[in-house]
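Here is a short set of exercises to work through with the structure open beside you. Try each task first, then compare your steps with the solution.

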Amino acid sequence: MPSAPPASEHLVRHVHKFGGSSLADATRILSLPPLVADGAASTLVVVSAMHGTTNALVAMADEAVAKGDWRAAWQALRARHLDAAAAIAADNAALHDALVADFDALREDLEALTAGDAGDARIARVHGLGEIASSRLVQAALGDGWARLDARDVLVVHPGEMGVGVEWEASRTKLAAWRATHPPQRIVATGFIARGRDGNDTTLGRNGSDYSAAILAHLFDADELTIWTDVDGVLSADPRLVPDATVLPTMSYAEAWELAYFGAKVLHPQTMAPVQARGIPLRIRNTLDPSVPGTWILPENPEGDAELSPVKGLTIVRDMAVLELVGNGMVGVPGTAEKLFAALHGAGVSVTMISQGSSEHSICCVVRASQVEPARAAVEQAFADAFADGRTQAVEVTPDIAVLAAVGDGMVGFPGVAARLFGALAQARVNIRAIAQGASERNISVAIAETDATRALRAAHSAFWLSPQTVSVGMIGPGNVGRTLLAQLAAVLPGLRSRSQVDLRLRAIANSKRMALDHFAIEPGDAIARLHPEGGEPLDLDAFAAHVRAGHIPHALIIDCSASDATAQKYPGWIAAGIHVVTPNKHAGSGAWTRYSALREAQRHSGAKFGYEATVGAGLPVILTLRNLIDTGDTLHAVDGMLSGTLAWLFNSYDGSRPFSELVREARGLGYTEPDPRDDLSGLDVARKLVILAREAGLQLSLEDVDVESLVPEALQDVGVEEFLARLDELDAPMDARLREAQSKGLGLRHLARLTRDGKATVGVVALPAEHACRHTRLTDNLVQFTTDRYASNPLVVQGPGAGPDVTAAGVFGDVLAIANALGSSEGRYA
Ligand SMILES: NC(=O)C1=CN([C@@H]2O[C@H](COP(=O)(O)OP(=O)(O)OC[C@H]3O[C@@H](n4cnc5c(N)ncnc54)[C@H](O)[C@@H]3O)[C@@H](O)[C@H]2O)C=CC1
Ligand SMILES: N[C@@H](CC=O)C(=O)O
């Protein structure tokens, strides 16, 4: 850690550092000036090499040392820089000449390497040429009034065990000398390169420009350091692995250090120390979108920050191995740990994680896979005596390990963080091999099998960053009901998210032919467009379900708004896999008993819910009412009434003034009928509802047990839907005769259903007197009477609109919300 200077000098106010991605070509370089024109009177810009340049230079140096051919690569790199110079400042001959001289010097170094005249300084000079060249380009792009600082003239460093260390006093002296010959002005400085104590060229190590910028910010006593990159800031996890990773608005130096050390790529791990020593705020911003606020890295997290999540970020380090020293004779013996770690130190092995149970029977540590064999050999040698006399038994190595680290200042003194992490890993079936948490409580690390790494990271991330009521939703069947439900979701979801923890993410949509899957979320209002024309991909219900059941989202739910038996076939499997299912589709509830029992059995095992309230009475609470009666110990004697919205509307409207067929067409147009209206007219739809209610009441009823009167003439039973609709008027004469006969007796027609406790079920048209309750219904009203022990002489009645896209979609939505609400914990988000 550098020491703070005696007094604050503020030689520059603001240091900006641009990485290779911000310097990819002349266009990007020309876009930098506005980013540094922030009003600061004194500014220092630190640059990396142009994108890909350092890799090219390293490859050239390797090629030269191997006496291979580096000339074509040299030529290409030179041309790239001269082209960029021409694009940035065509008439700047000095810039052109300086670059030509740089590349001539590079060629001389490469020739020397080829000739066998190697040496670290020469190699470092080759590696660092990219920063020399890019600093010239950036200086030209920034225009007049910018001096160029070759960091080798100022920075003095030495190699150390923890990486390159800075010779602060020597560097300050050199800076003072440099400043004496350079009037105060704005400066462009090279990143990455420096001088060693011996005066030779050296570098700060790969990706060391962040570190350069932090050192220069410290030396110039800057007020602020901005590191410009190509991402929006520091993310809560690697977004390539965790699609829901979010940009962290703030973090502390300590958190940033832990995250960088444990593999977060956005910062070089050594960057923090120089800025921390002076408390210089560090900000990560995106050159591609400067409007994004980015991430502030500050001495302390702002107050209230931990309420967002006690864990700031999660990282995964792969290619690790667990090394465990096991021995009965180690218990209570002082010095064992010292001996073990001294042996590892002696072998140059870096230890990432240490864990020892209080029994002291074994000490376990995690090391890089590439170092595990030297580590094993060193430990075996150090404990040779203990092995010989049996005090230690084995050095066990478990390969293919990854370390998952959860980092956050907010974990300090916050109960339940470890429980949440371990709970999430357990739920994702990730076995933990070793655990380490320092007394700082800022980092919990777990060693897991490398094959579990991505799953573990996603599960842990969702546990800390997503609401426990985040649900990955897939919707099948955007027809009358489905389309209306999408509109309801579009209207309600934004408010729902802001006033509750329920976070429904529509991630998949399918019709009978195609499906569209989205990693994040589809706006409900855009969902249908995603399928048209020929959008998405061919429908595959298994792939659809697998996508909905994303590992990184806590819960999954499929809404089936089709009338398809094929989709209903899938419910038991989906429910067994933990996917909740909500549907107005009656096939599963009323279909084959074996499938129905399989579905219920799957529910018992997985705990996933099956919401099918809308299958009876659309949005009315019919199933809920019956379930409450049964669950509270009542006994059902009978259910009877009107269970078809379509037939209710037809018989409420049919007075002989218009043909029956015309009314059927109108009911279809209003979205009351089933996709095939014969399902209504044949009584099948009502029979399905009776079966659903019977099963809910504990009766093993099936469709074939229901005595159904059909209104569909035999000749129309087996034709296609279109032909049936074309020949609808064949219904008119028989219906007309029936109506007239009823009217002649002062009666009116109604479609009724009845189920009794002995399993007798009937469905059909009945002529009723004017005083009958079913004659006092309106439009699509369903009227369902439950006669029970408690409601014996005066049945409990549920009445109201029983068909139509609006009320049905609302019934489906109600089921979805009931499930999502039940997923929440009563303890609050992170309590
Ligand atoms: N309309 C209403 O008032 C009520 C309807 N229901 C039920 O709601 C469901 C939907 O009814 P509507 O929206 O009127 O039907 P619809 O015919 O307008 O829409 C059905 C949708 O399902 C899709 N689909 C059909 N077969 C499919 C398959 N094999 N795989 C995937 N998708 C498939 C179609 O592409 C279409 O998007 C039906 O099960 C119906 O019984 C339940 C209560 C009331
Ligand atoms: N077609 C059905 C719709 C609801 O289940 C009806 O009319 O009742």
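**Exercise 1. Follow the pairing of β16 on both sides.**

*Solution.* Begin with β16 and strand β18 (residues 443-449): they pair in the antiparallel sense, over seven bridges. To fix the register, find L404, which stands opposite V446 in β18. Next, turn to strand β13 (residues 313-326), which is joined to β16 (residues 394-407) by eleven bridges, again in the antiparallel sense. Here the pair to look for is L314 and A406, with A406 belonging to β16.

**Exercise 2. Decide how far to trust the coordinates of this predicted model.**

*Solution.* Start with the average: the chain has a mean pLDDT of 92, and 95% of the residues score at least 70. Then look for weak stretches. Residues 1-8 stay under 50 in pLDDT, and the model gives them 14 contacts beyond four places in sequence. Residues 825-831 are also below 50, with five contacts in the model beyond near neighbours in sequence. Finally, note the predictor's scores for the complex, an ipTM of 0.98 and a pTM of 0.69.

**Exercise 3. Lay out the eight-stranded open sheet and place two helices on it.**

*Solution.* Write the strand order as β3-β6-β2-β1-β9-β11-β12-β10; the pairing is mixed. Now ask which strands stand at the edges. They are β3 (146-149) and β10 (250-252): each has a single partner strand, so one side of each lacks a neighbour in the sheet. From one strand to the next, the twist averages 20°.

Check the β3 end of the order in detail. β3 runs parallel to strand β6 (residues 186-190), with four bridges in the pairing, and A147 has I187 of β6 as its bridge partner.

Then add the helices. Helix α7 (residues 129-142) lies across β2 (43-47), β3 and β6, and runs at about 160° to β6. Helix α10 (residues 253-261) also packs on the sheet, where it touches β10 and β12 (295-298); its direction makes about 85° with that of β10.

**Exercise 4. Do the same for the six-stranded open sheet.**

*Solution.* The order is β27-β29-β28-β26-β30-β31, and the pairing is mixed. The edge strands, which pair on one side only, are β27 (706-708) and β31 (796-801). Neighbouring strands are turned by 20° against each other on average, direction ignored. At the β27 end, three bridges join β27 to the parallel strand β29 (residues 761-768); V708 has V763 in β29 as its bridge partner. To finish, place helix α23 (residues 645-653) across β26 (636-642), β28 (748-756), β30 (781-788) and β31, at about 150° to β28.

**Exercise 5. Describe the packing of α5 on α6.**

*Solution.* Two quantities are needed, because a packed pair of helices is described by the angle between the axes and the distance between them. For helix α5 (residues 93-114) and helix α6 (residues 120-127), the angle is about 140° and the axes are 10 Å apart. α5 is therefore oblique to α6. The crossing of α5 past α6 is left-handed.

Which residues make the contact? From α5 come L106, D109, L110, A112 and L113, and from α6 come R122, R125 and V126. Sorting the residues of this contact gives five nonpolar, no polar and three charged.

Key:
Residues numbered from 1 in each chain as written. Chains lettered and ligands numbered in written order. Predicted model: local features only at pLDDT ≥ 70, side-chain atom pairs only at ≥ 80, totals over all residues. pLDDT = per-residue confidence, 0-100. Contact = placed C-beta atoms within 7 Å. Pairing = 2+ DSSP bridges. Axes fitted to C-alpha atoms, helices over the stretch in contact; angles between N-to-C directions. Parallel < 35°, antiparallel > 145°, perpendicular 65-115°, else oblique. Left-handed = near helix turned anticlockwise from the far one by under 90°. Nonpolar A, V, L, I, M, F, W, Y, C, P; charged D, E, K, R; others polar.
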